[in-house]
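Visitor: Got the sequence and the model up in front of me. Can you walk me through it?

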Amino acid sequence: MQNLVLYCRAGYEKDCAAEIQWRAEELYIGGFVKAKPNDAYVVFQTFEADGADKLMEQIKLNDLVFARQMFAAGELLKDLPESDRVTPIVESLADVEKAGELRVETPDTNEAKELSTFCRKLTVPLRQGLKKSGSLLNKEHPKRPIIHVCFVAPGQAYCGYSLSYNTSPHFMGIPRLKFPSDAPSRSTLKLDEAFSHFLTKEEQEIRAKSGMNAVDLGACPGGWTYQLVRRGMFVSAVDNGPMNEKLMETGQIKHYREDGFKFEPPRKNVYWLVCDMVEKPSRVAELIEDWAVRGWFKEAIFNLKLPMKSRFKEVRQILAKMDEMLREYGVEDFKVQCKHLYHDRDEVTVHLWLNPSKEF
Ligand SMILES: C[S@@+](CC[C@H](N)C(=O)[O-])C[C@H]1O[C@@H](n2cnc3c(N)ncnc32)[C@H](O)[C@@H]1O
């Protein structure tokens, strides 16, 4: 297939486009981007007939910062007849064999979401049609490709597939997280999403568990601390502002009214460092690098606030510098992941894991 469709947050199409173009260039897969502001998706059309299939095999979705989901698709189906939309969609997917799941989606915009009731209704007859043609298995299968039909406008859809081992597990690439009614702030969902995005459930059980020590820089009113406490951790919450009183009553938190850039953990037994200070991204990155070089944590999750323009370039530069700095100071064994999470707005979230190859 020739089109790689990528979902992103509305307003971030340029960044998503710049990123996929850069990654495709690295792989010598030629093509061009089709993207419109606020459409919440980007299409990278390759020159080769199977360019999108190749990209999907060679680029990990988790390595892309701005894409929530990606799938290879054929040409945009236009003017799908109201009387029978199923037949042309099934025909366009003739090359897909024995997929394990069907998702009829839209990009994440208010206009496109108006189509979601229609998408739900179409799913049943489409599923039947795809089963009959052999494109979809009779029973869902987690190890087979996923068919995506993405309605970008009424009667217009991109149809294709993603690979089970390189896809978002979520419909439209969006995790549905419940806001806990007793959490001090909505930003609690950012850290909750970060934990479940960067660590599998099994990894969380081992590496984000009860009894661990954590530091939260820029903690007030306590949305992120809430997530650490919920997981049974003991938290040093650093911020000049007031912490949520009810959260403090858990007895798992020590509040330091200090500058997060000067704070030094009194005991060097910190596993998690999290940081949500609103500051220049390069300054936050340098702070985390400094902690990493001193060996003051094992894993960190932090936000980088994004500029208004050239956001992909900025993120790329900061991550490249972080890589360079850590190595220069002898930190060789580490893993970095960065994602524009669903609950992030004008920021991206970074996960830095030191010594991942050392057994826990
Ligand atoms: C976006 S809020 C954090 C929200 C928090 N993560 C939550 O979920 O409730 C940013 C916080 O960083 C704090 N902050 C900014 N600069 C700081 C600094 N130099 N030292 C400590 N805290 C700082 C602010 O006081 C503010 O409370």
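Guide: Sure, but one term before we start: helices (H or I, at least four residues) and strands (E, at least two) are DSSP runs, numbered from the N terminus. Also keep in mind that this is a predicted model.

Visitor: OK. So where does T109 sit?

Guide: T109 is in the loop between β5 (101–105) and α4 (110–113).

Visitor: Buried or exposed?

Guide: T109 is buried, because its relative accessibility is 8% and the cut-off for buried is under 20%. Leaving out residues up to four places away in sequence, T109 touches A10, N38, D39 and A40.

Visitor: I see D108 is next door. What does its side chain pair with?

Guide: D108 makes a salt bridge with R68, 2.9 Å from N to O. That pair ties together distant parts of the chain: D108 is in the loop between β5 and α4, while R68 is in the loop between α2 (51–58) and β4 (69–73), 40 residues apart.

Visitor: Are those two buried or exposed?

Guide: Both count as buried: D108 has a relative accessible area of 17%, and R68 is at 7%.

Visitor: Let's zoom out. How is the chain divided into domains?

Guide: There's domain 1 (3–173) and domain 2 (188–354). Their centres, taken over C-alpha atoms, are 33 Å apart.

Visitor: And how many residues are in contact across the two?

Guide: 15 residues of domain 1 contact 16 residues of domain 2. Between them the domains bury about 1400 Å², with 51% of that on carbon and sulfur atoms. On the domain 1 side, R9, Y12 and V65 lose the most area to domain 2, together 40% of what that side buries.

Visitor: How many salt bridges are there between the domains?

Guide: Just 1 salt bridge between domain 1 and domain 2. The two domains also have 11 residue pairs in polar contact, both residues at pLDDT 80 or more. By class, the side of domain 1 that touches domain 2 has 8 nonpolar, 2 polar and 5 charged residues.

Visitor: And what does the side chain of D15 meet?

Guide: D15 meets R311 in a salt bridge, 3.0 Å from N to O.

Visitor: How many salt bridges does the whole structure hold?

Guide: 22. One set forms a network: K190, D276, K305 and E347 are linked by salt bridges.

Visitor: Which residue does R207 bridge to?

Guide: R207 pairs with E203, at 3.7 Å from N to O. Those two are 4 residues apart in helix α7, which means they are separated by about one helical turn. An α-helix has 3.6 residues a turn, so residues three or four places apart point the same way. R207 is buried at 6%, whereas E203 is partly exposed at 28%.

Visitor: What about R283, who's its partner?

Guide: E279, in a salt bridge of 3.0 Å, N to O. R283 is partly exposed at 37% relative accessibility, and E279 is partly exposed too, at 28%.

Visitor: Switching topic. How many residues of α6 are buried?

Guide: 9 of its 11 residues, so α6 is largely enclosed by the rest of the structure. The buried ones are T188, L189, K190, L191, D192, E193, A194, F195 and F198.

Visitor: What covers them?

Guide: The cover includes α7 (201–207), α8, β11 (272–275), β12 (299–305), β13 (334–339) and β14.

Visitor: Speaking of β14, where is L354 found?

Guide: L354 is in strand β14 (residues 347–354). At 5% relative accessibility, L354 counts as buried. Not counting residues up to four places away in sequence, L354 touches A292, F297, K298, V331, D333 and F334.

Visitor: Any backbone oddities? What kind of peptide bond joins C220 and P221?

Guide: A cis one, with omega at about 0 degrees. P221 is in the loop between β8 (213–217) and α8 (223–230).

Visitor: And what's phi for K98?

Guide: Near 50 degrees, a positive value in a residue other than glycine. K98 lies in the loop between α3 (86–92) and β5 and is partly exposed at 48%. M172 also has a positive phi, near 60 degrees. M172 lies in the loop between β7 (156–162) and α6 (188–198), and at 8% relative accessibility M172 counts as buried.

Terms used: Residues are numbered from 1 along each chain as its sequence is written. This is a predicted model: local features need pLDDT of at least 70, side-chain atom pairs count only at pLDDT 80 or more; totals for chains, interfaces and linings use all residues. Side-chain values use heavy atoms; hydrogens and water are left out. Domain bounds come from an automatic or database domain assignment. Contact means heavy atoms within 4.5 Å. Buried area is the accessible area (1.4 Å probe) that two parts lose on being put together, summed over both. A salt bridge is a side-chain nitrogen of Lys or Arg within 4 Å of a carboxyl oxygen of Asp or Glu. A polar contact is a pair of N or O atoms within 3.5 Å; within protein, one must be able to donate a hydrogen and the other to accept it, and residues adjacent in sequence count only if both atoms are side-chain atoms. Ala, Val, Leu, Ile, Met, Phe, Trp, Tyr, Cys and Pro count as nonpolar, Asp, Glu, Lys and Arg as charged, and the others, Gly among them, as polar. Buried means under 20% relative accessible area, exposed over 50%, partly exposed in between (1.4 Å probe, protein chains only).
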